[in-house]
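Student: I have a structure open and would love to go through it with you. Could you help me read it strand by strand?

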Amino acid sequence: MTDQNTFKLKFWGVRGSIPCPGPDTVKYGGNTTCFEITCGEKRIIIDAGTGIRLLGKHILINEGNVLDADLFFTHTHMDHIAGLPFFVPIYNPKNNLRLFAGHLAPPHDLDGIIDTMLMKDPLFPVPSKLIEQACTFSDFSCGETFEPGGGVVIKTGKLNHPNGACGYRIEYAGKVISICTDTEHFDDGLDQSVLSLSRDADVMVYDAAYTDEEYPNFKGWGHSTWQEAIKVAEEANVKKTFLFHHDPSHDDERMDEIGALAAAARPGTEPAVEGTEITL
Ligand SMILES: [Zn+2]
Ligand SMILES: [Zn+2]
C-alpha cells in the first residue's frame, strides 16, 4: 500500500458543527471532520464526520473496497459521527474497522451511540446489524496510550469540550502529529493537556473555529481561536500548525483573511484544506 516509514496526514473534512457545501466554501471545503493518518502499512482514521464519505469512495474506487483500519473518535457530537453510516467500507463484511472512543462514561458507550442511537429507527433506515461483521466498538479511558503495532504510538489526552473530547498524539518514525479538536482554551493559562499532546510536534491540528474577536459570543461552546493556536504552538514548540474546525460562517474569503493573519503572526500556520495531504 505505502512505503515503509511513510507518515502522512490527509484532511477529508475540515469544517466544524455542520457541513456547509456551496460556492462560497469550495476552496477550504464544506465537509465536517475526518482525518486519515498513514504510518507505513497502518491506517488510522480520526473521526467520521461527513468527510469520511469521500474516504470511503476513494477506498471503493482505488482499493477494491478493502479496509483494515483503526478509527478513533475525538468525541461523538454529530459533526464527528454523521458520516459513518455513509462510509461504504463498513458494509463489506470482510473488512475490519476497529472503532474507539475515550470520552464516554456510563450509561453511554460507543457501541450504544452507533448501534442504538445513530443507526436506528427512526433516525436511520439501514439496520446497524449490517455493519457488525466489519466493525468492532471499544471504549477506553482518555489518557491511555495505544501501541497498535508497526512502531506506532498513540497517546491520548482530555480536551476541554462540553460532554468531553479526547485529543491524540501520534508518534511514528521519529515524528509527531497532534490532533487537538474540539477544545476550548482557558482564561488563566494554556491547557496542560493540549501542551503535552503537542510538545515538539511536527504537525499540530488545532481547533480554531473562531477568531479572538468572535469568541466572546461563543464562550463555553467548546472551541478555540487561531490566536490561541499560535500561543499553544509557540509554547509547545510546534513546527507546523493547521487551523481546523472552521466555522460554517467563515467562507473562502474570510478563511483567506484568517490564513494570512495567522501566517504573518507565526510562519508555518495555515488553515486546513479539505482534500490536502501532507507527508511528514
Ligand atoms: Zn465539532
Ligand atoms: Zn463537539
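Student: Which residue of β12 is the bridge partner of Tyr-206?

Tutor: Happy to help, and keep in mind that this is a predicted model. β11 and strand β12 (residues 240-244) run parallel and are joined by five bridges. Within that pairing, the β12 residue that partners Tyr-206 is Leu-243.

Student: Which helix makes a β-α-β unit with β11 and β12?

Tutor: The unit they form is right-handed. Its helix spans residues 226-236 and, with six residues, gives the most to the largest nonpolar core. That core has 74 residues, and Tyr-206 and Leu-243 are among those touching the most other members. The helix is α5.

Student: On the other side of the pairing list, which residue of β11 is the bridge partner of Ile-179?

Tutor: Strand β10 (residues 175-180) pairs with β11 in the parallel sense, over four bridges. β10 and β11 also make a right-handed β-α-β unit with helix α4 (residues 192-198). The residue you want has Ile-179 among its contacts, along with Phe-242 and Ala-272. The bridge partner is Val-205.

Student: Why is strand β11 described as largely enclosed by the rest of the structure?

Tutor: Let's start with the side chains. In a regular strand they alternate between the two faces of the sheet. Here Val-203, Val-205 and Asp-207 point one way, while Met-204 and Tyr-206 point the other way, and all are buried. β11 is therefore largely enclosed, the number of its residues that are buried being five of the five.

Conventions
Residues are numbered from 1 along each chain as its sequence is written. Chains are lettered from A and ligands numbered from 1 in the order in which they are written. This is a predicted model: local features need pLDDT of at least 70, side-chain atom pairs count only at pLDDT 80 or more; totals for chains, interfaces and linings use all residues. A nonpolar core is a set of buried Ala, Val, Leu, Ile, Met, Phe, Trp, Tyr and Cys residues joined through C-beta atoms within 7 Å. A residue is buried if 20 or more other C-beta atoms lie within 10 Å of its own, exposed if 12 or fewer, and partly exposed in between; C-beta atoms are placed from the backbone. Helices (H or I, at least four residues) and strands (E, at least two) are DSSP runs, numbered from the N terminus. Two residues are in contact if their C-beta atoms, placed from the backbone, lie within 7 Å. Two strands pair if DSSP finds at least two bridges between them. A crossover is right-handed if, with the strands pointing away from the viewer, the path from the first strand over the helix to the second runs clockwise. Lists of a residue's contacts leave out its neighbours within four places in sequence.
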